[in-house]
Structure formats: structure tokens, C-alpha cells
Amino acid sequence: MLKRFAQDLRYRQTDAEQKLWAFVRNRRLNGYKFRRQHIIDGYIVDFVCIGNKLIIELDGGIHVKRLSKDFARTQHLQDIGFRVLRYQNEEILTHMDEVLADIAKNPEERTPHSNLSPSRGERIRQNDL
């Protein structure tokens with residue numbers, strides 16, 4: 001059910017998600033491999049670079065009403081080893097250069113032993129990173 005919902009979200013992207021995806025897909029941002037609407041530990045995250053354990057979340061108007069849920073979600077994702085960057089949709093639409101610069105400075109080099117998927121313990125193929 002969650003997988004189907006994530007697939008549906010890929011087809012119903014917001015304008016901000018579409019714009020950011022155009023800049024990070026196919027390793028366009030410093031060669032980092034991002035996935036969109038990816039399931040991690042029961043949560044669907046907007047964008048994730050698994051190899052660098054970096055999650056990017058875009059917040060629209062609905063998130064104003066969900067601050068406590070978003071905080072708990074972010075805390076859980078950080079507890080399992082991810083760094084979470086949050087941007088307002090408006091930032092993506094009006095200040096993309098600054099957002100991309102911020103994202104590009106955040107991924108760290110992978111450690112030699114970080115080739116396990118944090119959500120299911122599966123091995124990640126080298127070309128997925």
C-alpha cells in the first residue's frame with residue numbers, strides 16, 4: 001500500500017518537487033544519486049541520496065499544520081543515521097541556486113562500511129550511489 005502511494009506521489013509532484021528533481025536527477029548535482037518519493041522505515045521521503053544518508057524534504061502549506069508530526073518524523077530519520085534538510089516550496093521556486101549550493105555542501109563521502117540500506121539492510125549496488 002505504501003509503495004503504491006509513493007508511486008502515485010511521483011506522478012503528482014508539486015511544482016517545487018518537479019523543479020528540484022530536474023536539478024538532482026541522473027546524478028546532475030555533483031554526481032550524487034538521488035531517488036524521489038522513496039520509502040525509508042515506513043516514511044515516504046521527498047528525495048534521498050542513500051549513499052550519503054541525506055534526505056531532502058520540501059514543505060508546502062500543509063506542513064504548517066503538521067509541525068509536530070514533521071518534527072517526530074525528522075527525529076526518527078536522524079536517529080537511524082540520516083541528515084535531513086528541509087526547504088519551503090517557495091525557497092525552491094525563487095532561490096534555487098542557494099538551495100542547490102546548500103544541498104551540494106551537505107553530502108559527505110561514504111565510509112567504506114556504509115553500503116547497507118538503512119531501511120531494510122539490503123546491500124546497495126555500487127551504481128545506485
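Which residues of helix 3 are buried? They are Asp70, Arg73, Thr74 and Leu77. Buried means under 20% relative accessible area, exposed means over 50%, and partly exposed lies in between, with a 1.4 Å probe and protein chains only.

**The model**

This is a predicted model, in which local features need pLDDT of at least 70 and side-chain atom pairs count only at pLDDT 80 or more, while totals for chains, interfaces and linings use all residues. Residues are numbered from 1 along each chain as its sequence is written, and side-chain values use heavy atoms, with hydrogens and water left out.

The pLDDT is the predictor's confidence in each residue, from 0 to 100. Its mean over the protein chain is 79, and 72% of the residues reach 70 or more. Residues 109-129 have a pLDDT below 50, and beyond near neighbours in sequence this stretch has 31 contacts in the model. A contact means heavy atoms within 4.5 Å.

**Overall layout**

The protein chain has 5 helices and 4 strands. Helices (H or I, at least four residues) and strands (E, at least two) are DSSP runs, numbered from the N terminus. Along the sequence they follow the pattern α-α-β-β-β-α-β-α-α. Of the 129 residues in the protein chain, 40% are buried. Among contacts between residues at least 6 apart in sequence, 57% join residues at least 24 apart.

**Helix 3**

Helix 3 covers residues 67-79, which is 13 residues. The expected span of a helix is 1.5 Å times one less than its number of residues. For helix 3 this gives 18 Å, and the end C-alpha atoms are 18 Å apart, which agrees.

The buried residues of helix 3 are the four named at the start, Asp70, Arg73, Thr74 and Leu77. They cover an arc of only 100° around the axis, which puts them on the same side of helix 3. The arc is that of the directions from the helix axis to the C-beta atoms. An α-helix has 3.6 residues a turn, so residues three or four places apart point the same way. The face turned away from the buried side carries the exposed residues Ser68, Phe71 and Asp79.

The buried residues of helix 3 pack against strand 1 (35-40), strand 2 (43-49), strand 3 (54-59) and strand 4 (83-88). One of these buried residues, Thr74, has a relative accessible area of 12%. Leaving aside neighbours within four places in sequence, Thr74 is in contact with Val84 and Arg86.

**Helix 5**

Helix 5 (residues 96-105) has the buried residues Met96, Val99, Leu100 and Ile103. These cover an arc of only 95° around the axis, which puts them on the same side of helix 5. On the other side, Asp97, Glu98 and Lys105 are exposed. The buried residues of helix 5 pack against helix 2, strand 3, strand 4 and helix 4 (89-94).

**Ile56 in strand 3**

Ile56 is found in strand 3. With 0% relative accessibility, Ile56 counts as buried. Leaving aside neighbours within four places in sequence, Ile56 is in contact with Leu20, Phe34, Asp46, Phe47, Leu85, Tyr87 and Ile103. Ile56 and Leu20 are 36 residues apart in sequence, and their C-alpha atoms are 10.0 Å apart in space.

**Rings**

Rings of Phe, Tyr and Trp (its six-membered ring) pair if their centres lie within 6.5 Å; planes under 30 degrees apart count as stacked, over 60 as edge-to-face and the rest as tilted. By this rule there is 1 aromatic pair. The ring centres of Trp21 and Phe47 are 6.0 Å apart and the planes are at 25°, so the pair is stacked. Trp21 is in helix 2 (residues 15-24) and Phe47 in strand 2, 26 residues apart, so that the pair links distant parts of the chain. Both Trp21 and Phe47 are buried.

Lys53 lies over the face of Phe82, at 5.2 Å from the ring centre. A charge sits over a ring if NZ of Lys or CZ of Arg is within 6 Å of the ring centre and within 35 degrees of the ring normal.

**Positive phi in loops**

The table lists two residues other than glycine with a positive phi.

| Residue | Phi | Loop | Relative accessibility |
|---|---|---|---|
| Asn26 | about 55° | between helix 2 and strand 1 | 57%, exposed |
| Asp41 | near 50° | between strand 1 and strand 2 | 35%, partly exposed |

A glycine, Gly81, takes a positive phi of about 105° just after helix 3.
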